[in-house]
Amino acid sequence: MSYDTQPKASHFIDGAYVEDKSGTPIPVIYPATGKQIALVHAATPAIIDQALAAAHRAQKQWAAMSGTERGRILRRAADIMRERNHDLSVLETHDTGKPYQETIAVDATSGADAFEYFGGLAGSLTGEHIQLGENWVYTRREALGVCVGIGAWNYPTQIACWKGAPALACGNSMVFKPSEMTPLCALKVAEILYEAGLPAGIYNVVQGLGEVGASLVTDPRVAKVSLTGSVPTGKKVYAAAAAQMKHVTMELGGKSPLVIFDDAHLENAVGGAILGNFYSSGQVCSNGTRVFVQRGIKEAFLNRLTERLSTAVIGEPLDEATNFGPMVSERQMNIVLDYIEKGEKEGARLVTGGKRLDRDGFYLQPTVFADVTDDMTIAREEIFGPVMAVLDFETEEEAITRANATEFGLSAGVFTRDLSRAHRVIAQLEAGSCFINSYNDAPVEAPFGGTKMSGVGRENSKAAINHYSELKSVFVRMGDVEAPF
Ligand code: NAD
């Protein structure tokens with residue numbers, strides 16, 4: 001392979017690449033071929049300590065800089081990311097197997113958006129003045145300290161930036177651990193931040209499996225933990241952070257409902273369902289994988305969906321024409337195949353797909369099940385693959401009740417031409433990130449995150465500032481102190 005995917009070293013600490021080959025080897029596999037394209041090593045206790053010590057040492061000085069100065073560095077990083085979009089996208093494609101057609105449009109660009117947006121906000125982060133007669137209170141918005149970011153494997157560049165940008169804008173430092181499945185992209189984010197002028201120690205990347213994440217979370221130098229991952233991991237990380245009363249952001253999984261009414265614009269509803277189930281081969285947390293379709297439009301919906309899915313270009317992800325790539329790993333592919341088997345066994349009707357492709361790599365067909373009922377495993381559990389479950393419904397009330405009958409609450413969508421119904425239904429759906437006549441848009445200006453078991457806190461938008469800073473209030477007395485003794 002002519003493109004060099006092997007990083008200079010496994011970790012990026014205190015402004016430089018660092019290696020320690022005594023850490024557990026982590027081979028990096030290109031999902032389109034199943035071949036190894038790089039090797040990194042998990043952080044040893046010494047590496048973890050080095051990263052946390054650097055982040056701890058550097059943070060106070062970073063927080064003491066003006067927000068405008070911090071923001072300038074983040075905005076410069078955004079520009080560099082945009083200039084290097086092609087190379088970063090090729091790397092993201094190698095790391096994840098997602099088609100270049102997606103990575104060139106979504107990954108480094110949304111990372112750059114985060115640096116630009118929070119870089120812009122950094123200079124205007126202020127407290128307030130509260131007058132109380134002649135006395136007064138002022139609040140200071142202060143950094144939390146060292147933040148730990150832990151990432152999932154589906155959007156390695158984006159996650160590294162969505163956590164890093166608000167953390168750094170608020171004056172925190174960060175130690176980021178990417179998923180062991182996709183260790184390459186976060187190192188490039190760190191490199192770019194330093195090129196943009198970030199002081200050493202403020203953004204560090206260490207590799208490793210869950211145990212490395214666990215030691216970061218429990219270290220007393222850490223003030224906050226932001227995890228993107230599954231609900232089971234979220235429960236463990238949240239509990240560990242709670243033991244030391246740390247701040248958390250939890251971006252976890254989902255089984256989100258997409259409700260399509262009879263009066264929906266058919267082409268748009270099918271388009272929304274495709275985006276909400278098959279983008280990134282279905283490996284998107286907010287996907288609307290329970291597609292509730294009102295009876296009157298069901299056959300037309302399924303026919304058009306099947307027609308459009310037959311035009312998917314499945315192939316080598318680096319080919320610009322490809323718009324559907326492999327699963328991230330053999331393991332994830334097998335998990336999805338198990339769910340497909342369960343769907344068939346439990347009596348769902350396989351409309352299209354359902355098989356592994358006969359070629360190298362971890363490719364599955366885009367898969368649609370119809371006549372799915374609420375009790376089936378494929379309607380209850382997050383599959384995290386290209387498997388859509390279509391469920392029928394009759395009335396608005398029924399759709400809302402059934403859509404909410406889940407422990408998850410990440411996203412929800414509604415397709416209808418009736419605007420009052422759209423707003424009425426979306427208001428009743430229990431989810432954090434919702435869509436009307438659209439699906440899976442995630443602009444940096446909008447809060448993103450889940451309710452119920454899907455998470456705690458919000459990423460992006462001004463809301464993220466509250467999760468990466470805290471308020472100190474200062475009461476100022478202008479006159480004498482009256483004490484009883
Ligand atoms: P995962 O939970 O297996 O792993 C996530 C990260 O946590 C990895 O970096 C892993 O090494 C680390 N980890 C595992 N055990 C840990 C522990 N005990 N302590 C600290 N860290 C630990 O998730 P995954 O398979 O990488 O990603 C898929 C999941 O992520 C899906 O459930 C998906 O919905 C979710 N996800 C959520 C969002 C969101 O923003 N809500 C975005 C992307 C993915």
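User: What makes G151, E180, S230, T233 and E382 stand out around the ligand?

Analyst: They're the closest of the 27 residues that surround the ligand; a residue counts as near if one of its heavy atoms lies within 4 Å of the molecule. Keep in mind that this is a predicted model, where local features need pLDDT of at least 70 and side-chain atom pairs count only at pLDDT 80 or more, while totals for chains, interfaces and linings use all residues. Numbering runs from 1 along each chain as its sequence is written, and side-chain values use heavy atoms, with hydrogens and water left out.

User: Why is the pairing of E382 with the ligand called a polar contact?

Analyst: A polar contact is a pair of N or O atoms within 3.5 Å. A polar side-chain atom of E382 sits 2.6 Å from a ligand oxygen, so the pair qualifies. For E180, an N or O atom in the side chain is 2.7 Å from an oxygen of the ligand, and a polar backbone atom of G151 is 2.7 Å from a ligand oxygen too.

User: How do you know what kinds of residues make up the shell around the ligand?

Analyst: Ala, Val, Leu, Ile, Met, Phe, Trp, Tyr, Cys and Pro count as nonpolar, Asp, Glu, Lys and Arg as charged, and the others, Gly among them, as polar. Sorted that way, the shell holds 13 nonpolar, ten polar and four charged residues.

Technical notes
Polar contact = N/O pair within 3.5 Å; in protein donor to acceptor, adjacent residues only side chain to side chain.
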